[in-house]
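Here is a short note for a colleague who is new to this structure. Please keep the model open while reading.

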Amino acid sequence: MKGNILVVSGPSGSGKSSLMKEVFKEVKNSYFSISTTTREIREGEVDGINYHFVSKEEFEQDINAGYFLEWAKVHDNYYGTSLKPVLKELHEGKLVIFDIDVQGHKIAQEKFGNLITSVFITTPDQKSLKQRLINRGTDTQESIKKRLDNAVSEMTRMREYDYLLINDDFNTTLHDLISIAYASKKKMALVDAGEFISTWASTE
Ligand code: 5GP
């Protein structure tokens, strides 16, 4: 496979989706993996763009059909990444970007290892995360509580990631994330070093 993967995780409300949208626009030859979910569509979201929104039954059928590269239950809803388009884009040499949770990251690591560069994005503190979720205005009080509880448990797994970005200022964080995305394409592990060295050493 010629491409590579950038996994971005972090608490819901940390601003990672807006950041990733910008990275996708900036980095040529990149592909943003659209996940499938059973959660309710939020105001302003579009089916097929933000997510593929499906029923619980449909999702479970897809699990059994082996459709997902990884899937997880987050905040009582299913979320999953479909395998086929990801493999196609990797074969075409693209940078494939995943917005997945810590459970999904672990499974992706087991399947793709060195192809992955991972970034954990969070807020400076829990207080500012709560404020952002309230300001977003798309979640009920109960959903905000669930997301905050989940954020605390996600934070305990941030050591599993290559990079940590604290999203205090959007433009600074975006600059850092774009730099990581470009650097991820230059990882030594992506190169067939043996072949490169023998070609390089050839004097003909
Ligand atoms: P939200 O409901 O705020 O869009 O997403 C909730 C959480 O689900 C986020 O942490 C997001 O990263 C995660 N998520 C979104 N898509 C996937 C996916 O395909 N797989 C996994 N494992 N997590 C996902």
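The points below cover the ligand site, then single residues.

1. Status of the model. This is a predicted model. Please read each value below as computed from that model.

2. The ligand and its pocket. Start with the ligand. The ligand sits in the largest pocket. Two elements give two or more residues each to the shell around the ligand: β5 (68-74) and β6 (77-82). Please find both strands before going on.

3. The shell. How many residues surround the ligand? The number is 19. The closest are S35, R39, Y51, Y79 and D99. By class, five shell residues are nonpolar, seven are polar and seven are charged.

4. Polar contacts of the ligand. Check three side chains here. S12 has a side-chain N or O atom 3.0 Å from an oxygen atom of the ligand. For S35, a side-chain N or O atom is 2.7 Å from a ligand oxygen. S35 is also among the closest residues of the shell. D101 deals with a nitrogen atom of the ligand instead: a side-chain N or O atom of D101 is 2.7 Å from that nitrogen. How much of the ligand's accessible area does the protein cover? On its own, the ligand has 510 Å² of accessible area, and the protein covers 96% of this.

5. S184. Look next at helix α7 (residues 170-184), where S184 has its place. Is S184 buried or exposed? S184 counts as buried because its relative accessibility is 2%, and the cut-off for buried is under 20%. Its side chain takes part in two contacts worth checking. One is a polar contact of 3.0 Å with the side chain of N4. The other goes to the backbone: the S184 side chain reaches the backbone oxygen of A181 at 2.7 Å.

6. Positive phi at N29 and D76. Most residues other than glycine have a negative phi. N29 is not a glycine, yet its phi is positive, near 65°. N29 is in the loop between α1 (16-26) and β2 (30-32). D76 is another such residue, with a positive phi of about 70°. Where is D76 found? D76 is in the loop between β5 and β6. These are the strands that give two or more residues to the ligand shell.

7. Exposure of N29 and D76. N29 counts as partly exposed, because its relative accessibility is 43%. D76 has a relative accessibility of 57%, so D76 counts as exposed. The cut-off for exposed is over 50%.

8. S33. This residue lies in the loop between β2 and β3 (36-37). S33 has a relative accessibility of 5%, so S33 counts as buried. Which distances separate S33 and K94? In sequence they are 61 residues apart, and in space they are 11 Å apart, C-alpha to C-alpha.

9. A108. Finish in helix α4 (residues 102-112), where A108 is found. A108 is buried, because its relative accessible area is 0%. A108 and V7 are 101 residues apart in sequence. Their C-alpha atoms are 8.7 Å apart in space.

How values were computed:
Residues are numbered from 1 along each chain as its sequence is written. This is a predicted model: local features need pLDDT of at least 70, side-chain atom pairs count only at pLDDT 80 or more; totals for chains, interfaces and linings use all residues. Side-chain values use heavy atoms; hydrogens and water are left out. A residue is near a molecule or strand if one of its heavy atoms lies within 4 Å of it. A polar contact is a pair of N or O atoms within 3.5 Å; within protein, one must be able to donate a hydrogen and the other to accept it, and residues adjacent in sequence count only if both atoms are side-chain atoms. Accessible areas come from the Shrake-Rupley method with a 1.4 Å probe; for residues, only the protein chains shown count as cover. On a 1 Å grid over the protein atoms alone, a cavity is a set of points where a 1.4 Å probe fits but cannot get out, and a pocket is an open set with protein on both sides within 12 Å along at least five of seven lines; lining residues have an atom within 4 Å of a point. A molecule sits in a cavity or pocket if more than half of its atoms lie within 2 Å of its grid points. Helices (H or I, at least four residues) and strands (E, at least two) are DSSP runs, numbered from the N terminus. Ala, Val, Leu, Ile, Met, Phe, Trp, Tyr, Cys and Pro count as nonpolar, Asp, Glu, Lys and Arg as charged, and the others, Gly among them, as polar. Buried means under 20% relative accessible area, exposed over 50%, partly exposed in between (1.4 Å probe, protein chains only).
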